[in-house]
Amino acid sequence: MNFTVLIPARLGSTRLPNKPLADIGGVPMVVRVAQRVLSIASPANQMRVVVAGDSPEIISACKAHGIEAVLTRTDHPSGSDRLAEACQILGLKDDEIVVNVQGDEPLIDPTLVHAVAQLLTQQALASMSTAAHAIEDWTEFTNPNVVKVVVDGQGLALYFSRAPIPHRRDQPSANALPSPAPLRHIGIYGYRVGFLRQFPTLPQAPIEVTEALEQLRAMWHGHRIAVFVSAQAPGPGVDTAEDLERVRRLFGS
């Protein structure tokens, strides 16, 4: 299977400035992400991994470590717009598949990247694919910062929400989770390139604004999202200085 992994990276993080270039064991974080994804490349799984950066510093850092990178505009309102520009720069065709991996996830499971891409080849009805894993903790289930997803019998998303869904009408006991286990959304996406070019032009959806979840725009406009259910939770991303220190310790730096 051939597909392209795009890793958007911008320097202007409010909580952690210059985050893509943060040092992790002598290697910039965005390079660590690309290297981890490339670790499962094989003759049967020919990935092209490209960093879509918004500054020459990011591009130079990637190229210094042998990672392909393209320079995109600095004024994109969302990551989807940056990805769409990267597809244009790379000359990707509408029927090709790309997977969006965030540049702040140096612990991402590379097999998850492959699974999301493969799922999109199997689900003809879907314009996008993503991932989820089972929630086993009530506190996590009720946390609005944890995005939940409900799927149908074909594994296609019915809805994403910050609310605890599905809701059990008759609680048999306090803090009892629904059965089967509810699903926590994992923020990785696969796209058909033709849809990715279209997505930034779609008007924002009311439910997208209410939930602050961009993927609901696709569903509002009639597009389906296939969901791969992983057996385990992904490694933590890096959002704060504390997260960065924790990851550095894991890499022995």
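These exercises work through features of a predicted model.

**Exercise 1. Cysteines**

Task: Determine how many disulfides the structure holds, and where Cys-62 and Cys-87 stand in that respect.

Solution:
- Step 1. Recall the bond type. A disulfide links the sulfur atoms of two cysteines covalently.
- Step 2. Set the cut-off. The two sulfur atoms must lie within 2.5 Å.
- Step 3. Search the whole structure. The count of disulfides is zero.
- Step 4. Check Cys-62. Its nearest cysteine sulfur belongs to Cys-87, 17 Å away, and Cys-62 is in no disulfide.
- Step 5. Check Cys-87. For this residue the nearest cysteine sulfur is that of Cys-62, at 17 Å, and Cys-87 is in no disulfide either.
- Step 6. Add the surroundings. Cys-62 has 0% relative accessibility, so it counts as buried. Cys-87 is also buried, because its relative accessible area is 0%.

**Exercise 2. Helix α1**

Task: Decide whether helix α1 is enclosed or open, and name what its buried residues pack against.

Solution:
- Step 1. Locate the helix. Helix α1 covers residues 29–38.
- Step 2. Count. Of its 10 residues, seven are buried, so the rest of the structure largely encloses α1.
- Step 3. Name them. The buried residues are Met-29, Val-30, Val-31, Arg-32, Val-33, Ala-34 and Val-37.
- Step 4. Find the neighbours. Among the strands, these residues pack against β1 (2–9), β2 (23–24), β3 (27–28) and β4 (46–53). Among the helices, they pack against α2 (56–64) and α4 (110–122).

**Exercise 3. Strand β4 and its partners**

Task: Work out which strands pair with β4, and in what sense.

Solution:
- Step 1. Judge the burial of β4. Six of its eight residues are buried, so β4 is largely enclosed by the rest of the structure.
- Step 2. Take β1. It runs parallel to β4, and eight bridges join the two. One register point: Ile-7 has Val-51 of β4 as its bridge partner.
- Step 3. Take β5, residues 68–71. Its pairing with β4 is parallel too, over four bridges. Here Ala-52 stands opposite Val-70 of β5.
- Step 4. Trace the connection. From β4 the chain passes through α2 to β5. This β-α-β crossover is right-handed.

**Exercise 4. Ser-161**

Task: Describe where Ser-161 sits and what it touches.

Solution:
- Step 1. Place it. Ser-161 belongs to strand β9, residues 157–161.
- Step 2. Test burial. The relative accessible area of Ser-161 is 3%, so it is buried.
- Step 3. Look at the side chain. A polar atom of the Ser-161 side chain lies 2.9 Å from the backbone nitrogen of Ala-163.
- Step 4. List the contacts. Leaving out residues up to four places away in sequence, Ser-161 touches Val-146, Val-147, Lys-148, Glu-211 and Leu-213.

**Exercise 5. Aromatic pairs**

Task: State how many aromatic pairs a whole-structure search finds, then characterise two of them.

Solution:
- Step 1. Count. The search finds three aromatic pairs.
- Step 2. Choose the descriptors. Centre distance and plane angle describe such a pair.
- Step 3. Apply them to Tyr-189 and Tyr-191. Their ring centres are 6.2 Å apart and the planes make 40°, a tilted pair.
- Step 4. Check burial. Tyr-189 counts as buried because its relative accessibility is 13%. Tyr-191, at 4% relative accessibility, also counts as buried.
- Step 5. Move to Phe-195 and Phe-199. This pair is tilted, with 5.6 Å centre to centre and 55° between the planes. Phe-195 and Phe-199 are both buried.

How values were computed. Residues numbered from 1 in each chain as written. Predicted model: local features only at pLDDT ≥ 70, side-chain atom pairs only at ≥ 80, totals over all residues. Heavy atoms only, no water. Buried < 20%, exposed > 50% of the residue type's maximum accessible area, 1.4 Å probe, protein only. Contact = heavy atoms within 4.5 Å. Pairing = 2+ DSSP bridges. Right-handed = clockwise from strand over helix to strand, strands pointing away. Polar contact = N/O pair within 3.5 Å; in protein donor to acceptor, adjacent residues only side chain to side chain. Phe/Tyr/Trp six-rings, centres within 6.5 Å; stacked < 30°, edge-to-face > 60°.
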